[in-house]
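Q: Please take a close look at one sheet in this model and at what packs on it, and then place the other elements around that account.

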Amino acid sequence: MGILRRSIVLILTSLLVIGAVTPHCQNGGHHDGNKCICGTSFYGTRCEFILSEIRPVVNATVNVTVTVVETFKDELRDPNSKEYTDFVIRFNQQMARLYSEIPHYKGIFRGVEIINITEGSIIVEHILLLKIYADEYDEIVDEVFTLLNHTNCTSDTKTERLCFKANTTKVQPVPLDFKEICLKSLDIPKDIQEYYSPVNVSGKTMCVSRCSVNSEDPINCNKGQCSVTRQGPNCYCETSPDYWYSGDRCQTAISKPGVYAGVSVGLFVLLVIIIALAVFLYRRRRPSNKERLIDENRWYEEGWEEENRGPAASFSNSSASDSAVPVNSIFLPDLEKVNTSMKVTVPRANVVLSGNPYERTT
């Protein structure tokens, strides 16, 4: 039973340690056991920050028309026919091989989409789908045009290859909207695209936030660093051995020695106030000499009388048994009727010495 309990504790402890050490990677990052591996546009211990300058990658298209030197069949008019389906498969495969010869091909080609097939040999209107840097679009369009006009056939296999009619190829670009490039960037999350705007930096199109010095309205964080999160660009203030920096632009410097001194003085003043308050309360609760005298008189006038009202004190004189006062009479002095202004004269005692030195006569 003890071994089982220790095993359970060990497992739970291990899980807690793993959970505490392994951070949650944000924005698509993953943990490799030591740290978060962030995507191209992210950084930070948890990939929580986005770069202030991003070269946007966008989806782009090019309209292309080629004439394939083959006999047109009526079945190619019907998209549901077997001839049409077989031709589309062959055309996509052959054009993918051809477009792979574009110098910028690696990673940019997304496919071919046929729009229309018409007669005149076989005229194929299609869209070339690309994934490119926005500033490379015009260059790639020129490369596509050059490639198609210098290609007679796609391959050496006679049954599969496509041969083109010379001087009939058309390449028509679909211009990108410069103002909306950042809103279409694949590298910027949709919920923060609004914080970026396109600018031209050294001949390249860049999407920059206000954290960038290339922004039209950059944020000055003074003694801090500007970083972009899903809440937008913000200043994250730095610290130094002598100062803390605060404020939305890290514009306020707080002296560390001054804070330490102020806190020390404040604690000392607080301690003095607490001691003074304690002394005050102690003296307030302790009765004064006057209050004690009043209490004693009250006891004399009220308390003593009440305590002795039950079994009252009795006085008896054994030698005066025939006195008019009963032997066990009750003596209750009435102090209120005592005339305190009356003078009492006590006669001086006369001492007479007799033969017996121990006998005193008054």
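A: **The four-stranded sheet**

In this predicted model, strand 6 (residues 57-68) pairs with strand 9 in the antiparallel sense, over 4 bridges. Within that pairing, N63 stands opposite Q172 of strand 9. Both strands belong to an open sheet of 4 strands, whose order is 7-8-6-9 and whose pairing is antiparallel. Its edge strands are strand 7 (109-119) and strand 9 (170-173), each of which pairs on one side only. From one strand to the next, the twist averages 20 degrees.

As background, the strands of a sheet pair through backbone hydrogen bonds, in either a parallel or an antiparallel sense. In a regular strand, side chains alternate between the two faces of the sheet.

Two helices are to be placed against this sheet. Helix 2 packs on the sheet and touches strand 6, strand 7 and strand 8 (122-133). The direction of helix 2 makes about 135 degrees with that of strand 7. Helix 3 (residues 137-149) lies across strand 6, strand 8 and strand 9, and runs at about 20 degrees to strand 6. Strand 6 and strand 8 are thus listed for helix 2 and again for helix 3.

Helix 2 also takes part in a pocket. The second largest pocket has a volume of about 190 Å³. Helix 2 (residues 82-99) gives the most to its lining, with 5 residues. The residues that line this pocket are E70, T71, K73, L76, K82, E83, D86, F87, R90 and I122. By class, the lining consists of 6 charged, 3 nonpolar and 1 polar residues.

The next sheet is also open, with 3 strands in the order 5-11-10 and antiparallel pairing. Here the edges are strand 5 (53-54) and strand 10 (197-201), each pairing on one side only. Strand 10 and strand 11 (residues 204-208) are joined in the antiparallel sense over 5 bridges. One of the bridge pairs links V199 to M206 in strand 11.

Further along the chain, strand 14 (residues 243-246) and strand 15 (residues 252-255) pair in the antiparallel sense over 4 bridges. Y245 has A253 of strand 15 as its bridge partner. These two strands form a hairpin, with 5 residues between them. In the turn, G247 has a positive phi of about 105 degrees.

The last part to place is one named in a record. UniProt, in an unreviewed entry, puts the feature "transmembrane region" at residues 259-282. In the model this span is 100% helix and 0% strand, and its end C-alpha atoms lie 34 Å apart.

Conventions
Residues are numbered from 1 along each chain as its sequence is written. This is a predicted model: local features need pLDDT of at least 70, side-chain atom pairs count only at pLDDT 80 or more; totals for chains, interfaces and linings use all residues. Side-chain values use heavy atoms; hydrogens and water are left out. On a 1 Å grid over the protein atoms alone, a cavity is a set of points where a 1.4 Å probe fits but cannot get out, and a pocket is an open set with protein on both sides within 12 Å along at least five of seven lines; lining residues have an atom within 4 Å of a point. Grid points are joined across faces, edges and corners, and a volume is the space filled by probe spheres set on the points. Ala, Val, Leu, Ile, Met, Phe, Trp, Tyr, Cys and Pro count as nonpolar, Asp, Glu, Lys and Arg as charged, and the others, Gly among them, as polar. Two strands pair if DSSP finds at least two bridges between them. Axes are lines fitted to C-alpha atoms, for helices over the stretch in contact, and angles run from 0 to 180 degrees between N-to-C directions. Contact means heavy atoms within 4.5 Å. UniProt positions are given in the numbering used here, feature names are shortened, and annotations may be inferred rather than shown by experiment.
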